[in-house]
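This report describes the fold, buried positions, cavities and backbone angles of one molecular model. Please read it alongside the sequence and coordinates.

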There are 4 protein chains.
Amino acid sequence: MDEIRDRISNTLTIEDNRLVRELLAECIGTFFLLFIGTADYIQNAASDFGNTTSCYIVVGGLALCLPYISQPMYSGAHLNPAISFAQWVLGNIPMWKVFLYTIAQLIGAYLGAAISYFGHHDDLWKLDGGKRQVLGSQGTAGLFTTFPSAHMSTWGSLLDQILGSAILSGLVCLISDKRHKIPTGFVPPVAGAILCMIAMTFGTNGGFAINPARDFGPRLFTLCAGYGWEVFSAYRFYFWIPIVGPMIGAIIGAWLYKLFVGLHGLNEDIQISSKGYNVS
Amino acid sequence: MDEIRDRISNTLTIEDNRLVRELLAECIGTFFLLFIGTADYIQNAASDFGNTTSCYIVVGGLALCLPYISQPMYSGAHLNPAISFAQWVLGNIPMWKVFLYTIAQLIGAYLGAAISYFGHHDDLWKLDGGKRQVLGSQGTAGLFTTFPSAHMSTWGSLLDQILGSAILSGLVCLISDKRHKIPTGFVPPVAGAILCMIAMTFGTNGGFAINPARDFGPRLFTLCAGYGWEVFSAYRFYFWIPIVGPMIGAIIGAWLYKLFVGLHGLNEDIQISSKGYNVS
Amino acid sequence: MDEIRDRISNTLTIEDNRLVRELLAECIGTFFLLFIGTADYIQNAASDFGNTTSCYIVVGGLALCLPYISQPMYSGAHLNPAISFAQWVLGNIPMWKVFLYTIAQLIGAYLGAAISYFGHHDDLWKLDGGKRQVLGSQGTAGLFTTFPSAHMSTWGSLLDQILGSAILSGLVCLISDKRHKIPTGFVPPVAGAILCMIAMTFGTNGGFAINPARDFGPRLFTLCAGYGWEVFSAYRFYFWIPIVGPMIGAIIGAWLYKLFVGLHGLNEDIQISSKGYNVS
Amino acid sequence: MDEIRDRISNTLTIEDNRLVRELLAECIGTFFLLFIGTADYIQNAASDFGNTTSCYIVVGGLALCLPYISQPMYSGAHLNPAISFAQWVLGNIPMWKVFLYTIAQLIGAYLGAAISYFGHHDDLWKLDGGKRQVLGSQGTAGLFTTFPSAHMSTWGSLLDQILGSAILSGLVCLISDKRHKIPTGFVPPVAGAILCMIAMTFGTNGGFAINPARDFGPRLFTLCAGYGWEVFSAYRFYFWIPIVGPMIGAIIGAWLYKLFVGLHGLNEDIQISSKGYNVS
């Protein structure tokens, strides 16, 4: 037994290719984000339809563990194409990496929603009687991807996504800024608290996507799982808003942080160049 | 692209003027306090009118991030004119700085309420049908500024603000006292827990202001946003209580801490002079 | 102004008398425990009678700050005669100190309940219409001191207090055991989590006293505040149970910890004598 | 008194036998897990039947303290036969140790449920009128051991246990991986957050066992306490699922972590052999 285990271990160890490990980390992290996130929504719906408080708590709590996963691989854990994109705008990573990260994140998000779907199969059957529906009192697509509240206008929804993502992006810059001297093991729970905070301020109206991968990956999955094209057409083709909004918001947030905090180094700090890894 | 970014960065970097950076930090911090705080109240009201528990949680949670914002600029993050005033009474900052800080905090509070107002425009429309009202079942001014509970007397409200601010001020002295050896990155969450604690003990009766900037800035904004002078005249001109009460309370709290804990240094501690930075 | 402040500071500084500072710390800490704790109960009762969840949260949250208060004075922060008594049984402090600590804790508890009473005067008036009553739907004595649930027998109540205090005492030994290498600033929040845990497992039946000072100090205050001798005679003279129970429980918990964990040092640890300060 | 205490202490100190101390630690830790966990369920049921939110919170919160108990004895604190089994599969401990650990954990779980049963005797009497019943509106066996939701199929229940245990096992590997540099005192609360997260995603359907000792120990106790063989036969002999499911899940989780994260060491890390203590 020991020998077999060692041989398998040695074969599968990736030593040399840093990029592969980075993509793997992004993929697993986003997988976990969706796996836990959607499982939480489904369990809540199946046991007591409509209770969102504990959803928010788990959304915050799960973030505790996500960055821990990605840390040994590389320092980053974007888990969000909008964050990757903002890092390119800030000059921290090249454009081709943004594309590769985004693909890895989408695959992870798709798989996370899929495993959650199969793991809670009995619950979904209880909720919709076996007939997958997007909207209505028996609709379950909203447990995987996001839809806006009924009273939201298109511009209101877009603004909602922009503001939520701007807070996320700005605060991610903040907590990953080395000058704050946040202890390493303490960054992930703070990130969890930030997600929790956004959920409670810009969460209910637009479904709390603030992440194109978190929204588009599961939306693709629901399409494949037999929910039909309505997952894209519902609410006046809402699906583009959680893609475009977070991109805009993430850039705004990152630049605001840079303008108001990042650029102005204290004397006792290491003088950070605008090239190196200024705010992330 | 890289060149443009670098040029913008270099132009906007503030290297030499420490005071400007301090005021900037106070302004952003208070902006964020109000932006998140009021957005939280509005979302709660729009989705499930009257649920205050999650409001308290976010009020505590947001405080996680506020001091992180101000830390790289200077060590302080008062975000509250009453705390700045108490620091003058303790001899830690000069009087003219208290005035400048207060102005920066008021500007930040005003802007925070404003962005929150525009970001949750659809929600406010849902709540009051487009007609801004201060009081009553469709009144929304209380989501921005504070009003007392119906059963409170004037003296009871003032005492409420004094006690809440005294707890805040005393405990801020406590957690910023270097002798407690609280790890740097851990102070902000403890500050958040303190806010949460005050919200749950002296929060509901007086609206949990304990901060003149947090109350007066948004009150000014609601006046400008068309709520009318009633935001000042309501509840027997309540508006002066969250200004005067916190000032008195902050001084009491800071002096009580100084008398009972701050003055009595342990042998193994650095002997702190009453001049240097004794309790803050 | 500066001169006056310095002169006052110098006069009031206690440099030499360690015992006075220890007693001061116990007094302030217990004061704060009761001040926050009872204010939390009163606010909850006045705003939404009967909601206990947020009470539990604040009971846990407040413990964040209590030990921070006492730390600069001396290392300990019992805030509980039962804990002091257990420390004597373990041989860590002499008997006369237990008596002095207990007196300091009782004074603090009495004052904490008193300030909370005056700070929430309007709320109490709202609850009972100005006539102080111990029991019944308008009774408010239970907001200060503790009474058992209706279905509890005397022996069940005593067992409840013994078990709750044993958990507290054992876990206090645990988290203050230096061998666990819990970072200094992190012990108080863990203590808060422990209080929260006990509240949720042995909290509702006996009123969650597990502390003679927390129970007897406010009971004396309610007697003085005009509630009458019924605060002692109610529920078959329940008052002795939160005094005797915690004493027994604290000793059991401390000894259990010592037997199962404390005595067995690892090789790499400093060999702890059974005399020095073995488990606290 | 001092002399007696010292003699008792010296007699009972276990210095030399590391295995005995390890087993003692597993026994106490699992005892505490069940003692607190079931007491929490009973108190909740007795005060407000059916409220599960605070149960989840305490389930998470209690985990704060469990690993602290076991730390001074040895580094591990499995408290779960499935975790011990997974450690054998990973080659970290020998098979005979898995058996001994499992026995110690079962004894602890049995005793924990028993003490909780006697400590909340008045509450159980209130709930079922003195007649112990497994199922139905007055059934209390579900407060000690676990039963599935009514709508769950056998395969769904098994999948639920496998997924929950896989998350637990994978994340336990994650947080005990030295390369993440989580501060020592900070691991237990993160473990608590993980338990809380699993409770909210794969908790309600299968009763949140994910631990053979946590389920089988109390089940044995309820049999002895007069609930009858129905505790084993209920829900189509459900009892085997929380034994087999966690075993499978724990191995899957540990290997997934090893494959995706554990095997790929960063350059700056200590190169970890696949033999030593690779992921735990």
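A residue is called buried when its relative accessible area is under 20%, exposed when it is over 50%, and partly exposed in between, with a 1.4 Å probe and protein chains only. By that rule A:D40 counts as buried, because its relative accessibility is 0%. This is a predicted model, in which local features need pLDDT of at least 70, side-chain atom pairs count only at pLDDT 80 or more, and totals for chains, interfaces and linings use all residues; side-chain values use heavy atoms, with hydrogens and water left out. Residues are numbered from 1 along each chain as its sequence is written, while chains are lettered from A and ligands numbered from 1 in the order in which they are written.

**Confidence and overall fold**

The model has an ipTM of 0.80 and a pTM of 0.84. For chain A the average pLDDT (the predictor's confidence in each residue, from 0 to 100) is 79, and 78% of the residues score at least 70. Over residues 266–280 of chain A, pLDDT stays under 50, and the model has 37 contacts (heavy atoms within 4.5 Å) beyond four places in sequence for this stretch. Where pLDDT is low, the predicted coordinates should not be read in detail.

Helices and strands are DSSP runs numbered from the N terminus, a helix being H or I over at least four residues and a strand E over at least two. Chain A has twelve helices and zero strands. Of its 280 residues, 62% count as buried. Among contacts in chain A between residues at least 6 apart in sequence, 77% join residues at least 24 apart. The chain exposes about 10,200 Å², of which carbon and sulfur atoms supply 67%; the area comes from the Shrake-Rupley method with a 1.4 Å probe, and for residues only the protein chains shown count as cover.

**Buried positions in the helices**

A:D40 is located in helix 2 of chain A, residues 18–47. Its C-alpha atom is separated by 15 Å from that of A:L195, which is 155 residues apart from A:D40 along the chain.

A:Q105 belongs to helix 6 of chain A, residues 95–119. This glutamine is buried, because its relative accessible area is 0%. Outside its neighbours within four places in sequence, A:Q105 is in contact with A:E26, A:T30, A:H78, A:L79, A:N80, A:P81, A:S84 and A:A213.

In chain B, B:H120 occupies the loop between helix 6 (95–119) and helix 7 (121–128). A relative accessible area of 1% is why B:H120 is buried. Residues up to four places away in sequence aside, B:H120 touches A:T201, A:F202 and A:N205 in chain A, and B:A39, B:I42 and B:Q43 in chain B.

Helix 7 of chain B has B:D122, B:D123, B:L124, B:L127 and B:D128 as its buried residues. They pack against helix 8 of chain A, together with helix 2 (18–47) and helix 6 of chain B. B:G129 follows helix 7 of chain B and has a positive phi near 65 degrees.

**Cavities**

What counts as a cavity here? On a 1 Å grid over the protein atoms alone, a cavity is a set of points where a 1.4 Å probe fits but cannot get out, and lining residues have an atom within 4 Å of a point. Grid points are joined across faces, edges and corners, and a volume is the space filled by probe spheres set on the points. The structure holds five cavities of 30 Å³ or more, and the largest contains about 50 Å³ of space. Its lining consists of A:P148, A:M152, A:S153, A:T154, A:S157, A:Y235, A:R236, A:Y238, A:W240 and A:I241. Helix 8 (154–176) and helix 11 (230–237) of chain A are the elements that give two or more residues to this lining.

**Positive phi angles**

Most residues other than glycine have a negative phi. Two exceptions are tabulated with their settings.

| Residue | Phi | Element | Relative accessible area |
|---|---|---|---|
| B:F237 | near 50 degrees | helix 11 (230–237) of chain B | 48%, partly exposed |
| C:Y235 | about 50 degrees | helix 11 (230–237) of chain C | 33%, partly exposed |

Key:
On a 1 Å grid over the protein atoms alone, a cavity is a set of points where a 1.4 Å probe fits but cannot get out, and a pocket is an open set with protein on both sides within 12 Å along at least five of seven lines; lining residues have an atom within 4 Å of a point.
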